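Reader: I have a structure open and would like to learn how to read a strand in its sheet. Could you walk me through it?

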Amino acid sequence: MCEILGFSAQDPQNINGYLRTFYSHSVAHPDGWGLATFEKGHVCIRKEPVRAIDSQRLPKVLDHLGTHQVLMAHIRLATVGSINPKNCHPFSRRDNSGVEWTLIHNGTIFNGLELFPYESQQKGSTDSERVLLYLVDQMNHAIGKNGGPLSPEERFLLLEQAVKRLSYRNKLNLLLYDGTFLYVHTNMLGTLHYKTWENSVLFSTAPLEETGWHQVPMTTLLVYRDGKLLRQGENHHTEFFDTLHISSMEFEYNI
């Protein structure tokens, strides 16, 4: 499928060493790379539909990357959608209150009836982009009912319920950033890890070194700001199991 990386810290830092290790995993994830950084409230997304280790652009980007408080990265192994720039992560979308949402996803949506209406709205053809469109649409409905922007508490509760719904029979490892808070979720054991140091946290599908890494809590929405865990939601217990032997009641797929 894919691998994802996310970073949040109190003070800007250079994590190029971790990024270079992460992108070296593109040997097994050859269908594109992406990187999102955040400057003065705006997201800057760079991505290409080529293997990261073969990219002529990526080394130049990393050489001049500098320090950042928040950062998101992705390498793609295509399961849904063709290999082209529009299908590379991250994806970004602004809601009706002006909040800009950025998402990276590791997984595949097998049970996605809620996402079908967004096929006509998306720029590419991935289920991951449809996840973002669905989440932003949920925000917009709530903003409309509220008559204005949502509070951080209202955003969290809405996302918690949406993630719970989407987790049913789907692999939903994702990092989602709203310009202030980094939301983290995994529902497959052993497929998202984290490492912390002083006022900093780094997330990666696979550990990027031998020690200091831990499994992200399962089936629970987490919220980080400035490298600190602010909130851990309720455990929805909807775990995804990767198996070739899907019952006749479920969608069939090819690994």
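**Reading strand β6**

Author: Let's start with one pair: asparagine 106 stands opposite asparagine 173 in β7. This is a predicted model, where local features need pLDDT of at least 70, side-chain atom pairs count only at pLDDT 80 or more, and totals for chains, interfaces and linings use all residues. Residues are numbered from 1 along each chain as its sequence is written, and side-chain values use heavy atoms, leaving out hydrogens and water.

Reader: How many bridges join β6 to strand β7?

Author: In general, strands of a sheet pair through backbone hydrogen bonds, either parallel or antiparallel. Strands here are DSSP runs of E, at least two residues, numbered from the N terminus, and two strands pair if DSSP finds at least two bridges between them. Between β6 and β7 (residues 173-177) there are 5 bridges, and the two run antiparallel. Strand β5 (residues 91-94) is also antiparallel to β6, with 4 bridges. There, serine 92 has threonine 102 as its bridge partner, and arginine 93 stands opposite tryptophan 101.

Reader: Which way do the residues of β6 point?

Author: In a regular strand the side chains alternate between the two faces of the sheet. Here Glu100, Thr102, Ile104 and Asn106 point one way, while Trp101, Leu103 and His105 point the other way. All are buried, meaning under 20% relative accessible area with a 1.4 Å probe, protein chains only.

Reader: What is the order of the strands in the open sheet?

Author: The order is β5-β6-β7-β8-β12-β13, with antiparallel pairing. β5 and β13 each have a single partner strand, so one side of each lacks a neighbour in the sheet.

How values were computed. Buried means under 20% relative accessible area, exposed over 50%, partly exposed in between (1.4 Å probe, protein chains only).
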